[in-house]
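Trainee: Before we use these structural terms at the bench, could we go through what each of them rests on?
Mentor: Let us take them one at a time, with the model in view.

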Amino acid sequence: MSHARNSRVVEELRERIAHLEGCASRKAVVLPFGVPEVDERLPGGGLAYGALHEVAGGGSGTVDGAAAALFTAGIAARSKGKVLWCLTRPDLFAPALSQAGLHPDRVIFCESDKEEDVLASMEEGLAFGGLAAVVGELVRLPMTASRRLQLAAEKTGTMGLVVRRWRRQTEAADFGNPTASTTRWRVSVLPSEPLPTAGVGRARWLAELMRVKAGECAEFELGACDAKGRLSLLPVSRDRSDTSSWQGSRAS
């Protein structure tokens with residue numbers, strides 16, 4: 001009996017170790033941007049699966065807000081599988097998501113009346129474990145809610161993406177409050193790249209990595225997502241003084 005009991009204890013310990021090792025391996029899996037200068041700033045060389053990430057526009061306007069949504073769509077596009085997108089405002093433009101590489105056939109849209117319902121839907125989606133990514137559009141992200149989302153993501157290895165959207169400038173101040181997110185990004189629109197002939201060139205973004213666990217902050221001038229969700233690093237603007245002053249008028 002003693003031998004059988006010992007064997008059972010050893011087996012339970014092995015199962016617990018295997019479970020812990022499995023969690024660790026999930027945490028180690030990342031989704032690279034494919035831009036070495038960006039990936040080298042992120043632990044593991046990319047955005048971690050099994051974690052929560054925040055993206056916001058550089059200001060309260062719809063243009064920067066749209067850039068933040070497309071930046072997020074590009075991340076989701078590079079993952080594999082279905083994507084759950086939770087929102088309260090039915091203003092998401094599916095063709096724009098498709099241009100950023102996220103085809104509508106891959107997206108499950110979940111529209112709610114309240115942000116509390118968006119948080120609940122996100123948590124359920126992350127806990128389900130069968131999705132490539134779960135996206136939620138939120139004005140506010142309280143610390144307690146962010147911890148719940150982070151824990152749900154850790155358990156299944158699903159990536160959580162929160163797009164912070166502001167209806168007015170005063171709401172942007174909430175982005176400065178601490179959350180449990182692994183990374184925090186701010187995306188602003190820059191003048192499009194010049195063309196040799198009259199026309200509109202590829203959109204350009206200033207992507208600021210404002211927070212990253214076990215890493216350092218950075219900023220990048222990027223070419224917007226292409227039809228496969230890929231970004232490209234652009235040469236830094238020659239006159240950064242204009243960019244800096246323009247950017248400084250945005251929410252901090």
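**Sheet and spaces**

Mentor: In this predicted model, nine strands form an open sheet with mixed pairing, in the order β5-β4-β6-β7-β3-β8-β9-β10-β11.

Trainee: Why are β5 and β11 said to stand at the edges?
Mentor: β5 (107–111) and β11 (232–233) each have a single partner strand, so one side of each is left without a neighbour in the sheet.

Trainee: What makes β8 and β9 a pair?
Mentor: Two strands pair if at least two bridges are found between them, and β8 (residues 183–190) and β9 (residues 204–212) are joined in the antiparallel sense over eight bridges; in β9, Leu209 is the bridge partner of Trp185. The requirement of at least two bridges is therefore met by the eight found here.

Trainee: What makes up the lining of the largest pocket, by class?
Mentor: The largest pocket holds about 340 Å³ of space, and of the 20 residues that line this pocket, Thr62, Gly65, Ala66, Ala69 and Arg165 are the closest to its centre. By class, the lining has eight nonpolar, six polar and six charged residues, and α3 gives the most, with five residues.

Trainee: Why is the space lined by Thr88, Arg89 and Glu115, among others, called a cavity?
Mentor: A cavity is a set of points where a 1.4 Å probe fits but cannot get out, whereas a pocket is an open set; the space of about 50 Å³ is the largest cavity, and its lining has two nonpolar, one polar and five charged residues.

Methods
Residues numbered from 1 in each chain as written. Predicted model: local features only at pLDDT ≥ 70, side-chain atom pairs only at ≥ 80, totals over all residues. Heavy atoms only, no water. 1 Å grid on protein atoms, 1.4 Å probe; cavity = no way out; pocket = protein on both sides within 12 Å on 5 of 7 lines; lining within 4 Å. Points joined across faces, edges and corners; volume = space filled by probe spheres on them. Helix = DSSP H or I, 4+ residues; strand = E, 2+ residues; numbered from the N terminus. Nonpolar A, V, L, I, M, F, W, Y, C, P; charged D, E, K, R; others polar.
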